[in-house]
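Visitor: I would like to learn how to read a model such as this one, going from the overall fold to the core, the sheet and the surface. Could you take me through it step by step?

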Amino acid sequence: MIHKNKAWLGIDPGINGAIAYLKEEEPPLLIPMPIYKIKKSTRVVSEYNIPCLKDIFSSFDPEETVCILERPQPMIKFGRTQGVSSTLLIGRGGGILDTALVFAGIPYESVGPKKWQNAMLENIRAGNYTK
């Protein structure tokens, strides 16, 4: 399959992440990660809206779209790694997005956050504008 690479997707897979879509001669599109809230016992949790992800990815032409998916990984804050539940949720989100992209036929590459940040922010000075 030959890709014309006229459109690009960039995905932050977090539950509070987003899907960015860039296509030549069109304004950029930023789609918040589709989620829904459900009540579990005494708390409300966010879940990925899988049917909505399917619809979003199905709307892109796989013949001209290429995707960069940020590789899900636990965060380290104050010298401590995220908890097990949070880490499992991150991995689950990555698997859901992998599957949705495959079923939509969109080619993608999973890259670590530092790799895409270094490429995208190469000529931008570090500071408030880089995060």
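Guide: What follows is a short walk through these features in turn, and please keep in mind that this is a predicted model.

Visitor: Which order of helices and strands does the protein chain follow along the sequence?

Guide: A fold is usefully read first as a string of elements, and here the protein chain runs β-β-β-β-β-α-β-β-β-α-β-α, with three helices and nine strands in total. Of the contacts with a separation of 6 or more, 54% are between residues 24 or more positions apart.

Visitor: How much of the protein chain counts as buried?

Guide: Of its 131 residues, 28% count as buried, while the accessible surface comes to about 9,200 Å², with 58% of that area belonging to carbon and sulfur atoms.

Visitor: What should I look for in the interior?

Guide: In soluble globular proteins, nonpolar side chains tend to be buried together. In this model the largest nonpolar core has 21 residues, and those with the most contacts inside it are Leu9, Ile11, Ile19 and Phe57. Two or more residues each are given to this core by strands S1 (7-12), S2 (18-23) and S6 (65-70), and by helices H1 (50-58) and H2 (84-104); the largest share, five residues, comes from H2.

Visitor: Which residues is Ile19 in contact with, leaving aside its neighbours within four places in sequence?

Guide: The partners of Ile19 include Leu9, Gly10 and Ile11, then Leu29, Leu30, Ile31, Met33 and Pro34, and also Leu53, Ile56 and Phe57. Three of the names in that list, Leu9, Ile11 and Phe57, are also among the residues with the most contacts inside the core.

Visitor: How do S1 and S6 run, parallel or antiparallel, and how many bridges join them?

Guide: Strand pairing is read from the bridges and their direction, and S1 and S6 run parallel, joined by five bridges; within this pairing, Ile11 stands opposite Leu69 in S6. S6 also pairs with strand S9 (residues 108-111), again in the parallel sense, over four bridges, and there Cys67 has Tyr108 as its bridge partner.

Visitor: Is Tyr108 buried, partly exposed or exposed, and what nonpolar surface patch does it help to make?

Guide: Tyr108, which is found in strand S9, is partly exposed, because its relative accessible area of 30% lies between the 20% and 50% cut-offs. Together with Val102 and Phe103, Tyr108 makes a nonpolar surface patch of about 350 Å², so that this one residue takes part both in a strand bridge with Cys67 and in the patch.

Note on methods
Residues numbered from 1 in each chain as written. Predicted model: local features only at pLDDT ≥ 70, side-chain atom pairs only at ≥ 80, totals over all residues. Heavy atoms only, no water. Buried < 20%, exposed > 50% of the residue type's maximum accessible area, 1.4 Å probe, protein only. Contact = heavy atoms within 4.5 Å. Areas by Shrake-Rupley, 256 points an atom, 1.4 Å probe, with all protein chains shown as cover. Core = buried A, V, L, I, M, F, W, Y, C linked by side-chain atoms within 4.5 Å. Pairing = 2+ DSSP bridges. Patch = residues over 30% accessible without salt bridge, like charges linked within 9 Å, V, L, I, M, F, W, Y side chains within 5 Å. Salt bridge = Lys/Arg side-chain N within 4 Å of Asp/Glu carboxyl O.
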